[in-house]
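Me: I have a chain open on my screen and would like to talk through how its parts pack together. Could you walk me through it?

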Amino acid sequence: MAAWKIHGQEHLTQTLDRGIRQGQLAHAYLLVGPPHIGKDTLALQLAQAVNCVGEDPPCGQCLQCRRIERGIHPDIQRIVPTPDEKTGRMHTEIRIDQVRAIERAIALQPYEGRYRVFIFEGAERLSPDAANALLKTLEEPPAHVLLLLTAAEEEALLPTIRSRCQRLELRPLPEDRLVTMLAEEHGVSPEDARLLARISGGNVGWAVSAVANPRLLDERQRRLETLLSVVDGGMERRFQYAQELAQQFGRDRNTVREEMGFWLLWWRDLLVLMQQAPELVVNVDWRQTLEDRARRFHAGEVARVVRELVATLERLEQNAISRMALDVLMLTLPAPKPVPARQEMA
Ligand SMILES: [Zn+2]
């Protein structure tokens, strides 16, 4: 059995297995799906599969597989933004000189494997120049070369890049499968597994790294506390937050996207509670606060915030968010009605 160590992507691994057996792989693949779903993991395993010398690749056991997993295989190269040579500051883009270096490396025969594999992680970060340079390489790479691009924001890629790659779309794992997997393979308690499965939205990578790294859950906690301080705060707090977000967006749009994702889930939770569907609540550990706030808003107000958040997320996809759009979002937030004294929550 091929040992693909990735869950819920059988629709892709079966196709890839067949392609490898019949020697009919594409020369370039674009792996798409939401952040943390396992795109980079699948890319690395595909690099193993094409170089594996085991019976049923990727075997995970042979020297090739093991060296690739450890990141010390000379024929596998990951391309990500690097620090500036002079200032040491991280670039936010994959630059044209990186693509030029690949153009030269591509002509060389593999050192020890069958394929030279180049993995562009977060290909939406290619600068316009770099993307144009890559187009030529994508057109007709040598037979011993496999180009893999991963992207959460597929729309941000040049259509000409997308059309030169075969598309592999990773899907979230159904909640029950993720709960079972976390319990059986990672020893997570059923209660924690359910929480992680819910808040990860079926993103295996996020859920598994949250098990290994409690910082991710702390980070979520911090974000939800910030959210609550903005929801409960006055206009001044709200506009201050809009300003912080707009500044953050200039530095790192993914973080802002994730933050807005948390906002959408939280307001959606309020709405499902108001619609008497508590089993659909995602932030199950925030249930008491959510129930309290659900009593203090009108359903119409909450529905309007959800609509506005969806529109904001769409603008974020198009990279068109502005301070003004965030101010408008903040103006949409209703003020919570005061709680009668006897209902005060602990
Ligand atoms: Zn192997």
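**Helix packing and cores**

Reply: Happy to! In this predicted model, helices α11 and α15 cross with a right-handed sense. Their axes lie 9 Å apart, and the angle between them is about 145°.

Me: Which class of residue, nonpolar, polar or charged, has six members in the contact of α11 with α15?

Reply: From α11 come R238, F239, A242, Q243, L245 and A246, while α15 supplies R323, L326, D327 and M330. Sorted by class, three of these are charged and one is polar. The class with six members is nonpolar.

Me: Which helix gives the largest share of the largest nonpolar core?

Reply: That core has 56 residues, and L31, A47, F120, L148, L149, L196 and A207 touch the most other members. The largest share is seven residues, and these come from residues 39–51, helix α2.

Me: Why does this core lie between two domains, and which are they?

Reply: Residues of the core come from both 10–169 and 175–213, so the core lies between domain 1 and domain 2.  One of its best-connected members is L196. Leaving aside neighbours within four places in sequence, L196 touches L182, V188, A207 and A210. The two domains asked for are domain 1 and domain 2.

Me: How many residues are in the second, separate core?

Reply: Look for W267, L290, V302 and L309, which are among its members. Counting the whole of this separate core gives 18 residues.

Me: And what share of the chain counts as buried?

Reply: The chain has 15 helices and five strands. Of its 346 residues, the buried share is 32%.

Key: Residues numbered from 1 in each chain as written. Predicted model: local features only at pLDDT ≥ 70, side-chain atom pairs only at ≥ 80, totals over all residues. Axes fitted to C-alpha atoms, helices over the stretch in contact; angles between N-to-C directions. Helix = DSSP H or I, 4+ residues; strand = E, 2+ residues; numbered from the N terminus. Left-handed = near helix turned anticlockwise from the far one by under 90°. Contact = placed C-beta atoms within 7 Å. Nonpolar A, V, L, I, M, F, W, Y, C, P; charged D, E, K, R; others polar. Buried ≥ 20, exposed ≤ 12 C-beta atoms within 10 Å, placed from the backbone. Core = buried A, V, L, I, M, F, W, Y, C linked by C-beta atoms within 7 Å. Domains from an automatic or database assignment.
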